[in-house]
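This report sets out the computed features of one chain for a reader who has its sequence and coordinates at hand. The chain is shown here, and individual sites are taken up directly after it.

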Amino acid sequence: ELPQHPGTLITEEIAENNKGRIVTGFAGRKGYSLFSVRKRAIDLEKGFYRKLTGIFEDKDVRIVHLLTGEDSAVIIVPWSEIKENKLDIIDDLSNQLRSDNIEFFEDVALVAAVGEGMKTIPGVYECVLDSLTAAGIETGMIYQGLRRTNIIVAVQAKEYDRTIRTIYKALEKHGSLKANNGGRKRKPRKV
């Protein structure tokens, strides 16, 4: 139950002691890198994402996360798979995609809060984002899945432990670590 607990077991069934809880676990890992590609009107360019993912595929690099917008894409990959050819990848992103700007960050960590109950309680995403902002923790990416059962943030690896503690404390204060009152919706609380 505490953020320093040795681990989280991911299973298809919800454990008896987690039934009815809003957030049922935290997970995280260091060892990633983040590429941010900016280009005007990406969303209007046919084939842009195929070319983008092809650059990484050609270098035998897995894409762990890909978030897109009308003018940008954020790509998170394992550091171990790009450390030898990161400059080649940056050149390819620049030349093949004719990008306006490319930023690269190594030593990135991913932190996730997970729970089926998150979709029934308003304000969980906002609580996480507000708590990170208040703590001065910069995020390279924040993502909530379509099913609203997980929130994933990318932070500098040096902020990994502090990020988990910050999110845990904020969700505890929000009431998201407790049972969800039989499915009744709660008003979000300001953190």
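## Gly25 and Ser36 in strand β1

Gly25 is a buried residue, its relative accessible area being 9%. In this predicted model, Gly25 belongs to strand β1. A residue far along the sequence lies across from this glycine in space: Gly25 and Tyr168 are separated by 143 residues in sequence, whereas their C-alpha atoms are 9.7 Å apart.

Strand β1 also contains Ser36. With a relative accessible area of 8%, Ser36 is buried. When residues up to four places away in sequence are not counted, Ser36 touches Ala73 and Val74, together with Asn101, Ile102 and Glu103. Strand β3 spans residues 72-78, so two of these partners, Ala73 and Val74, fall within the range of β3.

## Overall organisation

The chain comprises six strands and four helices. In sequence order, these elements give the pattern β-α-β-β-α-β-α-β-β-α. The chain has 191 residues, of which 40% count as buried.

How are the contacts distributed along the sequence? Of the contacts between residues at least 6 apart in sequence, 72% join residues that are at least 24 apart.

## Packing of helices α1 and α2

Helix α1 covers residues 48-58 and helix α2 covers residues 86-97; their axes come within 10 Å and cross at roughly 155°. Because angles over 145 degrees count as roughly antiparallel, α1 is described as roughly antiparallel to α2. The crossing of the two helices is right-handed.

On the α1 side, the contact is made by Phe48, Lys51, Leu52, Ile55 and Phe56, and on the α2 side by Ile89, Asp92, Leu93, Gln96 and Leu97. By class, the residues of this contact comprise seven nonpolar, two charged and one polar.

## The buried side of α1 and its C-terminal end

Which residues of α1 are buried? They are Phe48, Leu52, Gly54, Ile55 and Phe56. These buried residues pack against helix α2 and against strands β1, β2 and β3. Among them, Phe48, Leu52, Ile55 and Phe56 also take part in the contact with α2.

Just after α1, the backbone at Asp60 takes a positive phi of about 60°.

## Salt bridges

Six salt bridges are found in a search of the whole structure. One of them joins Lys59 to Asp92, with an N to O distance of 3.3 Å. This pair links distant parts of the chain, since Lys59 sits in the loop between α1 and β2 (65-68) while Asp92 sits in helix α2, 33 residues apart. Lys59 is partly exposed at 25% relative accessibility, whereas Asp92 is buried at 19%. The burial of Asp92 rests on the cut-off, which is under 20% relative accessible area. Asp92 is also one of the α2 residues in contact with α1.

A salt bridge between Glu159 and Arg162 has its closest N and O atoms 2.8 Å apart. Glu159 is buried, at 15% relative accessibility, and Arg162 is partly exposed, at 29%. Elsewhere, salt bridges that share partners join Lys39, Glu45 and Lys51 into one network. Within that network, the closest N and O atoms of Lys39 and Glu45 are 2.8 Å apart. Lys39 counts as buried at 11% relative accessibility, and Glu45 is partly exposed at 23%. Lys51, a further member of the network, also belongs to the α1 side of the contact with α2.

## Ser131 in helix α3

Is Ser131 buried or exposed? Its relative accessible area is 6%, so Ser131 is buried. Ser131 lies in helix α3, which runs over residues 124-134. Apart from neighbours within four places in sequence, Ser131 is in contact with Thr166, Ile167 and Ala170.

How values were computed:
Residues are numbered from 1 along each chain as its sequence is written. This is a predicted model: local features need pLDDT of at least 70, side-chain atom pairs count only at pLDDT 80 or more; totals for chains, interfaces and linings use all residues. Side-chain values use heavy atoms; hydrogens and water are left out. Axes are lines fitted to C-alpha atoms, for helices over the stretch in contact, and angles run from 0 to 180 degrees between N-to-C directions. Angles under 35 degrees count as roughly parallel, over 145 as roughly antiparallel, 65 to 115 as roughly perpendicular and the rest as oblique. A crossing is left-handed if the near helix is turned anticlockwise from the far one by less than a right angle, and right-handed if clockwise. Contact means heavy atoms within 4.5 Å. Ala, Val, Leu, Ile, Met, Phe, Trp, Tyr, Cys and Pro count as nonpolar, Asp, Glu, Lys and Arg as charged, and the others, Gly among them, as polar. A salt bridge is a side-chain nitrogen of Lys or Arg within 4 Å of a carboxyl oxygen of Asp or Glu. Buried means under 20% relative accessible area, exposed over 50%, partly exposed in between (1.4 Å probe, protein chains only).
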